[in-house]
Amino acid sequence: MATVRGLRHLLSCSRWRLGSGEAPQSRMLAAVLPGISQVDNNSDFLGKTPHRRHPGILQLPCIKVPPALAAAAQFLLLESSMPNVEKQVQALTNYLWSRRLPVEPQELQRRAVHLEKKFLENPDLGQVEEKLREAVLRALRKTTYHWQELSYNESLSLVYMAARLDGGFAAVSRAFHEIQARVPEFQPQTLMDFGSGTGSVTWAAHSAWGQSLREYLCVDSSAAMLVLAEKLLKGGSESGEPYVPGVFFRQFLPVSPKVQFDVVVSAFSLSELPSKADRTELVQTLWRKTSHFLVLVENGTKAGHCLLMDARDLVLKGKEKSPLDPRPGFVFAPCPHELPCPQLTASKPLACSFSQAYHCIPFSWNKKKQKEEKFSMVILARGSPEEANRWPRITQPVLKRPRHVHCHLCCPDGHMQHAVITARQHGRDLYRCARVSSWGDLLPVITPSESELPLSPADDKDFLT
């Protein structure tokens, strides 16, 4: 596989090293109460590195799709001569973004029983069983989300390529960058992409680890999608030389339990499964196939975030141990903990999402040169939580005000914290680090326990305005 060294060594020896002779992490940071911690100015935390490049910076600049991929996509779309492409792209984009989870059979039955009891109170319906059944079904149709499985034939695959190729590439590239930046020694040799679609994961992986990756396995149930992905690799033709060598296409997952991959990816695929049981089976299978990292990406909506949290909890609480790989799993990113997601347990649940800017493929209808891809992700790794860096994650855009900065942090103790950082209270280094940080970055501090934190100020709203 990728390396004979274990993931423990890969992670422990790459904890934000900025050069030889740097002090260990425990000496770089000093906890200060109240509120959030302060960077120890005497520890040479940044060395000669400017604040704008502090070790928590993970946000990528505006991402551009490889020119070969953009050219192939434009060629295939022109060759197809598909009418009303712009309208179809917009319709599919809106549908995918507004898509919710399918209702489980147990929930549907519970709703039906509730409606039946409600209708039985009506004397006109209580005497006729057929009339009661019709009323229940009619009410269910009006109140239940009608989830439908998308069948990706040749034309729908092209529309999906035009709608999601560049955005999907940007989201996956950001997820891979998280691993690349924090574990630079990790050089995978094998990768499996479940629900590979147009192959954007393969292109993103090649951009990140092209020198080490030797095998890419793309798995998708749609034969039309696999054909399209292969054409994109060959510049739009069926017989050209592939831009990325070592790519294999399959409609089914490898059967052998001995087969593992250094990186396993499922991007925007969990939402395509019709039931929780199917998603549970898939996540367990993907985790068994994972040697180092399992990367899950979905739309940055509540539905997408809930899917990822279910998968995260399934791996963390999973009691079944593979005899071939008994190593447990932990959350590598974005969570700095293995506790329940504070975004979902809040009084008003929010999706934990991130944003990545990207240059659009210049299709004729793309008036904007740049767009933002909003997505949710979870990266699970083999090993123990002690191997990961536990700095707070910035979960919302950083609000910069005169002489103070607002940061919304997901902290290692499993709680959200609204931190107002000033140079006077927290030190010049931490203030400058916070001011140049972005949504999705890590703030290089150690936070005190929740019990030691003061209550949020009542005038937070005034700061935010």
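**Exercise 1.** Classify Glu 272 as buried or exposed, and trace its salt bridge.

Step 1. Glu 272 has a relative accessible area of 18%, so Glu 272 is buried (under 20%; exposed is over 50%, partly exposed in between, with a 1.4 Å probe and protein chains only). The model is predicted: local features need pLDDT of at least 70, side-chain atom pairs count only at pLDDT 80 or more, and totals for chains, interfaces and linings use all residues. Residues are numbered from 1 along each chain as its sequence is written, and side-chain values use heavy atoms, without hydrogens and water.

Step 2. Find the partner. Glu 272 and Arg 99 form a salt bridge, 3.1 Å from N to O (a side-chain nitrogen of Lys or Arg within 4 Å of a carboxyl oxygen of Asp or Glu).

Step 3. Place both ends. Glu 272 sits in the loop between β7 (261–267) and α11 (276–288), Arg 99 in the loop between α4 (85–98) and α5 (105–120), so the bridge ties together parts 173 residues apart in sequence. Helices (H or I, at least four residues) and strands (E, at least two) are DSSP runs, numbered from the N terminus.

Step 4. Check Arg 99. Its relative accessibility is 7%: buried.

**Exercise 2.** Which residue forms a salt bridge with Arg 279?

Step 1. The partner is Glu 104, with the closest N and O atoms 3.8 Å apart.

Step 2. Arg 279 belongs to helix α11 and Glu 104 to the loop between α4 and α5, 175 residues apart.

Step 3. Arg 279 is buried, at 9% relative accessible area.

**Exercise 3.** How many salt bridges does the whole structure hold?

Step 1. The search finds 13.
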